[in-house]
Amino acid sequence: MNRATERGLTLLCWLCGLLPLAILCIVICYLLVRGGSSLNLALIFDRVPAMDALLGHQQVFDGLFPALCGTTMLVLLTLALALIPGLCGGIYLAEYASPLERRILGLLFDIIAGLPSIVIGLAGFSLSILLHRLFPGRFGPCMLLSAMALAFLILPYLVRSTQAALNSIPQSLRITGPALGASKLQNILLVLLPSRIQDIIGGIILAIGRAAEDTAVIMLTGAVASAGMFRSLLDQYEALPFYIYYISSQYTDAEELQRGFGAALVLFTLCGLIFLLALLVEQGFSRRWKR
Amino acid sequence: MAMGSGLLLIAILCMMAVLGWPLVENGRFFALFSTTWSPHAQAYGILPMILGSLRITVLALLFSLPMSIGTACLAELLAPRPLRRLLLVTIRFMAGVPTVVYGFVAVFLLVPLMREYLIFGSGFSILTASLVLAVLIAPTMIIFFVNGLQSVPRSYCHAVDSLGARPMQKLIYLLLPQAYPSLLIGVILGLGRAMGDTLISLMLAGNSVALPESVAESGRTLTAHIALVIAADFSSMEFTTIFACGLILSLFTVCLIVSIRLLDRFGTRGAQHREMSTESRP
Amino acid sequence: MPTFPTAISTQQLSFRYGGVPILHEVDLALSAGKIIAITGPSGIGKSTLLSIFNRLWEENGDGRLQGQVKLRLDGSMVDIYQDAYPLDTLRRKVGMVFQTPNPLPMSIAKNLAFPLRLMHIKDKGLITTKSEEMLRKVHLLDEVGDRLQANATQLSGGQQQRLCIARSLMLEQEILLLDEPTSSLDRQGCLRIEALLHELRGTTTILMVTHYQDQVQRIADLCYELREGRLHQTL
């Protein structure tokens, strides 16, 4: 390899390497230019006063409010379903499982993590068909179903991040608890988990981000374009990502399209904030670690 | 608990097999792999979708690979230090940008460009989708590449640095050959993400069921097929094909993950061998 | 006794690494062809001190250096931190050997050829003669001369370390930085390396960090102790 090839390759690396940054910039600028102007309260609440909408006095039809509520509820429900099993699974894998169990379960979780989200959505959908056959009645695609499917989607992330956090604890800290007479469970709860709490919270936040942005699962399990304000767990609902997808193919007038851009900007910002939060938590961790 | 979710996975696969069973029952399973999809003529070949998926995936990988390797090299070695951190944070942020946002921007920005300058027609094509997909899977690969480059033993780096290797020499002679297994794993992960993505191909590939003749034409992927057919009648044959799609996608994932596992073990065996020379601090 | 010219000199050299002060306004002038030992309590930054002279610390960032460092390279004193002097040239002229032997995961022959490969030297004959010459110099030729294609990581620790020294010498450096080169070896390996250093003396300036006072007594011409940011001459 002579000097010229070296130079050429370096240049090529710079060109290729700055491409993703450039693309991200283009995406952000484009969203801001096209959607920035529509970013106001009317985008979310339409013409309904914000307080009335928040308190449920008045329905919002032409705003993002129902979709935002739907996504929020969905994420909370998903988290409620997945958090405990995820953390427990991670702890079990890191602390209790035998090497064989660890390998088999690790493989299974990796496969689940790798499953296309549409397949998980399809599984959720199939479940609703089965339930429909077993209990002929009203159990179709609904928020609960979506939340279950999403919980299944983020479960491996939670398990793996918890496991990785616990595995990264140095042996010296690991034996401090038992040396002081702590039982295994006490050691985990009082020493190990707190020492890596930032990592674990960071993992949870990133999992939330995934649940919030996923569209493929919810479009198969109950998200619809216009359901109005979400009412019960067994109803269909509106969600932000699905709304954006819907607008991109089905918009009828310029105003609707404008709202689509607004929605895309809102979702983008939301995910950006979630990422920032995760980053801050992590930074806090590393700063404390240095001292 | 962990057992439970493992069982759940198996249950899901079984459920799909059960729901897709009518296909096998009617002796139509092998007809699945025919090239015509025409529900009116009772032809349910999903081969166009399989090919569509493969084409988009491979193209996306081709576009994404140089970009990812370039970025990983910049972020690990070539860029000035402050820029490296910025790059890494940005890449991690990009991994969290919603797919639907990429798709949305592409529909209104990239598609008209494609229509005007490159492929004419509607602008919705396999090429368009794979370009956006390349951006989508890049962060996954970059993060893995960077990890791989970072895990090259420090003592080797010291040896090569102290002999006066320039950054590009260090990269070509030491880092890339040493990090080779993790590079491969990164590519496989990228492949999985590209294959499994629904939204981009659904929004941008055009979704026509005809067997595409060139990448500039419209095509449909397995994932998009599932999303498109789901609205149809529950008991129709058309509907049962999506379970075949689901099954194919799942099996594909299983193959990928298992191959990663095998590679990983191969890689760590190499690492144990490497550990003979322990770290030294300058 | 011939007088040797100065090979290494520093002026008002201050260095902080990772927020920790290592050196404070050190003036130093070391003659060429000597073995200079540096001792001091562990963790005080002796290894980091060595890496000032081939700028290796820059690979890990987070250091701040003030003052001047000059080395005699190709017969004239150059300020190695001035921008015009290329980093890769510097490192090819100043060899470094580490605490733990670090042969690259390739054959012995390739390890030796590696520095030349970096210089774009492709002449097979030159590489072979040079490799043999260096192996002879470090007394490895008899031991491994018949299996040059074997993986270098399979050698014993002492052999690996001598291979690393040979690899550093491939470019005929005039200055060699050694970071506790014998600390991971048994006594036999240690003595062989010391004998080797004795032979290199006169042609090569050797700056060596060491823990062992007896080693200093055996081979060093000069000895400095690093304490509180200063170098105190003890021999």
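**Exercise 1. Cysteines**

How many disulfides does the structure hold over all chains? Account for Cys16(A) and Cys142(A) in the solution.

*Solution.* The model is predicted.

Step 1. Set the criterion: a disulfide needs two cysteine sulfur atoms within 2.5 Å.

Step 2. Take Cys16(A). The closest cysteine sulfur belongs to Cys13(A) and lies 6.9 Å away, so the distance is too far for a bond. Cys16(A) is buried, at 17% relative accessible area.

Step 3. Take Cys142(A). Its sulfur has the one in Cys69(A) as closest cysteine sulfur, and because 18 Å separates them, this pair too is too far for a bond. Cys142(A) is also buried, with a relative accessible area of 1%.

Step 4. The total over all chains is 0 disulfides.

**Exercise 2. Fold of chain A**

Determine which secondary structure elements chain A contains, and describe its burial and contacts.

*Solution.* Step 1. Count elements: chain A has 14 helices and 0 strands. Its pattern along the sequence is accordingly written with α at every position.

Step 2. Consider burial. Of the 291 residues in chain A, 49% are buried.

Step 3. Consider contacts with a sequence separation of 6 or more. In chain A, 73% of these join residues 24 or more positions apart.

**Exercise 3. Interface of chain B and chain A**

Describe the interface by residues, area and polar pairs.

*Solution.* Step 1. Count residues: 69 from chain B and 73 from chain A take part in the contact.

Step 2. Take the area. The two chains, B and A, bury about 6,400 Å² between them, and carbon and sulfur atoms carry 82% of it.

Step 3. Look for charged pairs. There are 2 salt bridges across this interface. One of the salt bridges joins the side chains of Arg166(B) and Glu6(A), with an N to O distance of 2.7 Å.

Step 4. Count polar contacts: 7 residue pairs qualify, both residues being at pLDDT 80 or more. On the side of chain B that touches chain A, helix H11 (residues 237-274) of chain B gives the largest share, 11 residues.

**Exercise 4. A hairpin in chain C**

In which sense do strands S9 and S10 of chain C pair, parallel or antiparallel?

*Solution.* Step 1. Locate the strands: S9(C) covers residues 222-227 and S10(C) residues 230-233.

Step 2. Assign the sense. The pairing is antiparallel, over 4 bridges.

Step 3. Check the register: Tyr224(C) is opposite Gln233(C), a residue of S10(C).

Step 4. Inspect the turn. The hairpin has 2 residues between its strands, and Glu228(C) takes a positive phi near 50 degrees.

Note on methods. Residues numbered from 1 in each chain as written. Chains lettered and ligands numbered in written order. Predicted model: local features only at pLDDT ≥ 70, side-chain atom pairs only at ≥ 80, totals over all residues. Heavy atoms only, no water. Buried < 20%, exposed > 50% of the residue type's maximum accessible area, 1.4 Å probe, protein only. Pairing = 2+ DSSP bridges. Contact = heavy atoms within 4.5 Å. Buried area = accessible area lost by both parts, 1.4 Å probe. Salt bridge = Lys/Arg side-chain N within 4 Å of Asp/Glu carboxyl O. Polar contact = N/O pair within 3.5 Å; in protein donor to acceptor, adjacent residues only side chain to side chain.
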